[in-house]
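Reader: I'm new to this one. Could you walk me through how to read it, feature by feature?
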Amino acid sequence: MTAAVLLSGCAVTSETPNALIPKGPAAEEIAGLWWVMLGVGTIVYLVVLGLLFLAIWRGRRDPTGPENWWGRNSRAFILSAGVIFPVIILFGVYIITLGVLRSVSQSGDSQRNVIEVIGHQWWWEVNYPEQDFRTANELHIPVGEKVQVRLRSADVIHSFWVPQLSGKLDLIPGRTNTLWVEADSPGEYWGLCAEFCGTQHAKMLFVVVAQPRQSYERWLTEQQEAAREPTAEAARLGRDLFMEGECADCHTIRGTEAAGDLGPDLTHFARRLTLGAGAAPNNRGHLAGWIADPHGLKPGNFMPATKLTGEELNTLVAYLETLE
Ligand code: CUA
């Protein structure tokens with residue numbers, strides 16, 4: 001719900017994170033199971049309501065009377081409606097669920113597409129171990145291929161969930177959980193943290209960008225590159241400010257002396273769709289607001305407010321905008 005409200009104000013992607021509009025094979029299986037369960041539950045509910053109204057309508061009567069079929073057969077009725085039917089229904093649903101669980105956990109090629117996701121309060125570190133780079137709050141995947149997502153946590157328990165693509169899986173400190181994600185068609189899909197993990201749990205979103213293999217590989221190549229040196233005067237001043245100030249203590253920008261690892265890697269920050277893990281769209285206005293007062297947008301997060309003049313803030317934003 002929070003995500004829906006947030007996303008409507010932040011139209012980065014037109015898709016809603018609706019698990020009932022599946023865009024991948026695992027999500028399709030899960031949505032199918034959801035409809036089956038809704039159907040079975042609805043039928044059981046209506047039958048129980050029907051019996052309740054029947055009992056009210058008939059009222060109290062002599063349990064042994066000759067016209068009272070229900071009274072004479074009460075034991076058989078309780079045994080069948082109270083024990084046998086529920087057992088059959090629950091066992092049937094159990095079998096269907098097992099089938100879905102099996103097909104959802106089907107694995108793909110674990111050498112080819114591997115992404116490591118590490119949950120932090122309150123953002124997602126995203127590593128591409130084979131290509132040896134890291135980014136944040138955004139996963140790019142090739143369309144129509146199963147991608148192995150290895151989930152770890154840096155602090156508390158989080159839960160990785162892309163409703164339109166897969167089921168959810170917890171990120172647990174001290175262990176690695178593996179989830180397979182696949183998208184049927186290109187697009188941007190919202191993901192969210194599905195386990196309460198502190199004050200900004202609701203603003204711990206990410207985007208999965210599914211793209212055709214060719215453009216996916218182009219993206220991989222571009223991400224591996226170091227940041228370019230800014231040429232414009234304002235951006236150069238902003239760069240110095242970033243390196244000399246507190247920013248570089250927490251953030252890494254590959255190709256520069258900034259090598260902090262407490263906050264997201266900003267090497268190609270300007271290309272990301274959101275800032276603050278989905279707290280706002282990544283544009284000039286929001287970026288300036290975010291740096292000046294990170295707690296206005298996301299109270300309690302670990303980025304300290306900066307004491308910059310308007311002039312300094314402008315140069316810093318100008319520099320960050322060059323990080324394509
Ligand atoms: Cu991380 Cu909730």
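Author: Happy to. Let's start with contacts: two residues are in contact when they have heavy atoms within 4.5 Å. Keep in mind that this is a predicted model. Among its contacts between residues at least 6 apart in sequence, 62% join residues at least 24 apart.

Reader: What is the protein built from, and how many helices and strands are there?
Author: There are 10 helices and 12 strands. The radius of gyration is 27 Å, well over the 20 Å that the globule rule gives for 324 residues, so the protein is more spread out than a compact globule. Along the principal axes, the C-alpha atoms fill a box of roughly 100 × 40 × 35 Å.

Reader: And how much of the protein counts as buried?
Author: Buried means under 20% relative accessible area. Of the 324 residues, 41% fall in that class.

Reader: Which residues touch the most other members of the largest nonpolar core?
Author: A nonpolar core is made of buried residues such as Val, Leu and Phe, joined through side-chain atoms. Here the largest one has 29 residues, and Val117, Tyr128, Leu139, Ile141 and Phe160 touch the most other members. Elements giving two or more residues to this core include strand E1 (114-120), strand E4 (138-142) and helix H5 (213-224). Apart from it lies another core, of 20 residues, among them Phe242 and Trp290.

Reader: If I pick out Ile141, what is it in contact with beyond its sequence neighbours?
Author: Leaving aside neighbours within four places in sequence, the partners of Ile141 include Ile115, Leu165, Val181, Val209 and Tyr216.

Reader: Let's try a loop. Where does His251 lie, and is it buried or exposed?
Author: His251 is in the loop between helix H7 (247-250) and strand E11 (274-275). Its relative accessibility is 12%, so His251 counts as buried. Among its contacts beyond four places in sequence are Phe242, Pro264, Leu266 and Met303. Leu266 is 15 residues away in sequence, and the C-alpha atoms of the pair are 6.6 Å apart.

Reader: What about backbone angles: which residues other than glycine have a positive phi?
Author: Two to look at are Asp132, with phi near 60°, and Asn137, at about 60°. Asp132 sits in the loop between E2 and strand E3 (133-136), while Asn137 is in the loop between E3 and E4. Asp132 is exposed, at 65% relative accessible area, but Asn137 counts as buried, at 7%.

Reader: And where is there a cis peptide bond?
Author: Look between Gln121 and Trp122, where omega is about -5°. Trp122 belongs to the loop between E1 and E2.

Notes
Residues are numbered from 1 along each chain as its sequence is written. This is a predicted model: local features need pLDDT of at least 70, side-chain atom pairs count only at pLDDT 80 or more; totals for chains, interfaces and linings use all residues. Side-chain values use heavy atoms; hydrogens and water are left out. A nonpolar core is a set of buried Ala, Val, Leu, Ile, Met, Phe, Trp, Tyr and Cys residues joined through side-chain atoms within 4.5 Å. Buried means under 20% relative accessible area, exposed over 50%, partly exposed in between (1.4 Å probe, protein chains only). Helices (H or I, at least four residues) and strands (E, at least two) are DSSP runs, numbered from the N terminus. The radius of gyration is taken over C-alpha atoms; the globule rule is 2.2 Å times the number of residues to the power 0.38.
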